[in-house]
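Welcome! Take a moment to turn the structure around on your screen, and then we will walk through some of its features together.

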Amino acid sequence: MTLSAALILPWATGVLLVALDGRRRAVGLLAVVMLLATLVLLAVLMAGVLADGSRDVVTGRWPEGVGIVLRADTLGVAFALLSVLVLLAATAHEVIAGVRDRTFPGLVLLLAGGLTGLFLTGDMFNFYVFFELAMTASYALSTYGGGRRQLRAALIFTAVNLLGSFIFLLSVAGTYRTTGTLAMQDVADRMVTVDPNAALLVATGFFIAFSVKLGLFPFHFWLPTVYAGSAPAVAAILSGAVANIGAYGLLRFGAGIFPVELRLAAVTLIVLGAASLLYGAVLAVARGDVGETLAYSAIGQVGYVLVAIGVGGPVGLAAAVLYSVVNSLNKTLLFLATGVRGALVAGAFAIGALSVAGVPPAPGFVGKLEMFRAGIAADSPALVVLLVVGSALSVVYMFQVYQHRFWRPDPDAAVAPSPLPLRALTVTLALLILATGLWPEPLLALSNSAVDTLLAGRPG
Amino acid sequence: MIFAIALAAAVLFGCGAYLLLKRDLVRVVAGIMLISQSATVTIMGSSLSRGSAAIDVQPGEAVSDPLPQALALTALVIGLATVALLLALVHRVVLVFRTAERDELAAGEAEHEADLAAERLADQEETG
């Protein structure tokens, strides 16, 4: 019941709000309230899932095995909670700052509906439908602001990601042909009997589709233009919420459905992750612009997630879950803070910067710690060295940005500081992130439990 | 039959990929449309059985697999919506930039790069 409500609420209100003028404060506030309600529903669902295990709902009262399965497990609900939290922060930010586009609140709600749906479905084709719902909303969102750079960014974002979506669809067709089913659980059970070549081909298709979403090297080419060109709130949404599709997809499809292929490709994944990590970090140091540095940093940070997935096993996967959660929160805070001026903002930005660099007590430290554990579990000194180099480079570029932005006389010092509520929101988000770093136990337990449910469904 | 479908999907994908590399934005959109059709054809080709339509089936008669048809219909509708959105975006770009060539769009980015380079130079002078 909570599951269906959490899906229907953002979708239905989103359809309604798209028709209204989002520039009116009341409409924006309604969107914030609805996102908050969705967040509460998901939190209730999470409490239920943690207490009594995963929950399956067969849609349309079809018998089991015929209807589409909606499935709420720890991994899915955790990602849904995270994404809705990011959307809530970005929308609240934009509503306080003044929405400039009439469709913004409605589109964010539709995006929330699509994201919640894809994290809570147990069917591959249904995943594609929700995926397209979320992506279509984000294509429209990326034009937000309406400037020339936004428009160019939106065009690139849409074209590249549409291509990724169709590659995903080709792989869905391949899955159906080889296994005769689309329910994720059945696919995972039957995948072991499929011809290894066909299975590897299908798995590669899924990998490419999710890597494009995540912006992994060498599929990153669209990302810097888009993140740097979008409005701060939209960049926060794209990097904090939409990119979660990629991380979740790699975990769910890679570790949950194609474990054999994942093991086979482990070295390739680690090499790609390492390349992504170094490439993102080095270019982030080299760029001067705040938006672009953060964008390249995003490419580098997802490299960590891929390395962790490549290492695999309970330790590696738990590190991947934890790192994606922390990274998504960091990026949201940093992108939102770039749009705010005035006292206290520098402090909020510094918390985000410390978190990206992995300095305690910020949660990035816990993420890095888990990554080191994964590196040691893989018994690879080279990997540990790589992680240290990546962290060192992230200290350099984050503080380069910090110094550039907050330590020198601002050429446009005449710009009035942002309204107090906006600064308060940024600081609240920073404090929330700091709190997860100071008390990381729930987050650790959550990622371990998510990985347990992921591995429990695995055949053999 | 499977071979014909595979060939059709491959040709569609190939033509689409070729068009994607063109400079004209309208051709890029056409390329994405062809690739979306290639995905639909592949879905049809992934049917597990062939025969008559899966409605009012006589016992013993071969039935065509209805699931890929439902998937293809859904994929077509989604493809239509996203391509329409993309075309609207291209229309907007043409209105704003007065061009549908990718190179001319990149000119704006070159200006941004030049600004960044100037900023870095100013930084160096400040520290050096």
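Let us begin in a loop. D379(A) lies in the loop between α17 and α18 of chain A. This is a predicted model, and here D379(A) has a positive phi of about 60° although it is not a glycine. Most residues other than glycine have a negative phi. Is D379(A) buried or exposed? D379(A) counts as exposed because it has 8 C-beta neighbours inside 10 Å, and a residue with 12 or fewer is called exposed.

R61(A) is another residue to look at in this way. R61(A) sits in the loop between β1 and β2 of chain A, and its phi, near 55°, is positive even though R61(A) is not a glycine. With 7 C-beta neighbours inside 10 Å, R61(A) also counts as exposed.

Loops also hold the next two features. Most peptide bonds are trans. The bond between F217(A) and P218(A), however, is cis, with omega about 0°, and P218(A) belongs to the loop between α8 (196-214) and α9 (223-229) of chain A. A cis bond also leads from P360(A) to P361(A), with omega near 5°; the loop that holds P361(A) lies between α16 (345-357) and α17 (363-377) of chain A. Here are the four backbone angles side by side.

| Place in chain A | Angle | Value |
|---|---|---|
| R61(A) | phi | near 55° |
| D379(A) | phi | about 60° |
| F217(A) to P218(A) | omega | about 0° |
| P360(A) to P361(A) | omega | near 5° |

**A helix and its residue V401(A)**

Just past the loop of D379(A), which lies between α17 and α18, we can follow the chain into helix α18. This helix covers residues 381-406 of chain A, and V401(A) is part of it. Why does V401(A) count as buried? It has 25 other C-beta atoms within 10 Å, and the cut-off for a buried residue is 20 or more. Leaving out residues up to four places away in sequence, V401(A) touches V290(A) and T293(A). Folding also brings in F349(A): V401(A) and F349(A) are 52 residues apart in sequence, with 9.9 Å from C-alpha to C-alpha.

**The start of chain A**

Now go to the beginning of chain A, where you will find helix α1 (residues 2-19). Its 18 residues reach 26 Å from the first C-alpha to the last, close to the 26 Å expected at 1.5 Å a residue. The buried residues of α1(A) include L3(A), A6(A), L7(A), P10(A), W11(A), G14(A) and L17(A). An α-helix has 3.6 residues a turn, so residues three or four places apart point the same way. What covers the buried residues of α1(A)? Among the covering elements are α2 (25-52), β1, β2 and α4 (104-119) of chain A.

Two of those elements are strands that run antiparallel: β1 (residues 55-58) of chain A is joined to β2(A) by four bridges. For one example, find D56(A), whose bridge partner in β2(A) is R71(A). Strand β2 (residues 69-72) of chain A is covered on both faces. V69(A) and R71(A) are buried on one side, and L70(A) and A72(A) are buried on the other.

**The nonpolar core**

How many residues does the largest nonpolar core have? The count is 208, and L87(A), A134(A), I237(A), L251(A) and A308(A) are those with the most contacts inside it. Try selecting A134(A): leaving aside neighbours within four places in sequence, its contacts are L111(A), G114(A), L115(A), L118(A), V242(A) and I245(A).

**Where chain A meets chain B**

Finally, look at the two chains together. There, 26 residues of chain A are in contact with 28 residues of chain B. On the chain A side, α5 (124-141) and α6 (148-179) each supply at least two residues. Helix α6(A) gives the most, with 16 residues. By kind, this side of chain A has 15 nonpolar, five polar and six charged residues.

Chain B itself has four helices and zero strands. Of its 128 residues, 26% are buried. Among the contacts in chain B with a separation of 6 or more, 49% come from residues 24 or more positions apart.

How confident is the predictor? The model scores ipTM 0.87 and pTM 0.91. Chain B averages a pLDDT of 84, and 90% of the residues score at least 70.

How values were computed. Residues numbered from 1 in each chain as written. Chains lettered and ligands numbered in written order. Predicted model: local features only at pLDDT ≥ 70, side-chain atom pairs only at ≥ 80, totals over all residues. Pairing = 2+ DSSP bridges. Core = buried A, V, L, I, M, F, W, Y, C linked by C-beta atoms within 7 Å. Contact = placed C-beta atoms within 7 Å. Nonpolar A, V, L, I, M, F, W, Y, C, P; charged D, E, K, R; others polar. pLDDT = per-residue confidence, 0-100. Expected span 1.5 Å × (residues − 1).
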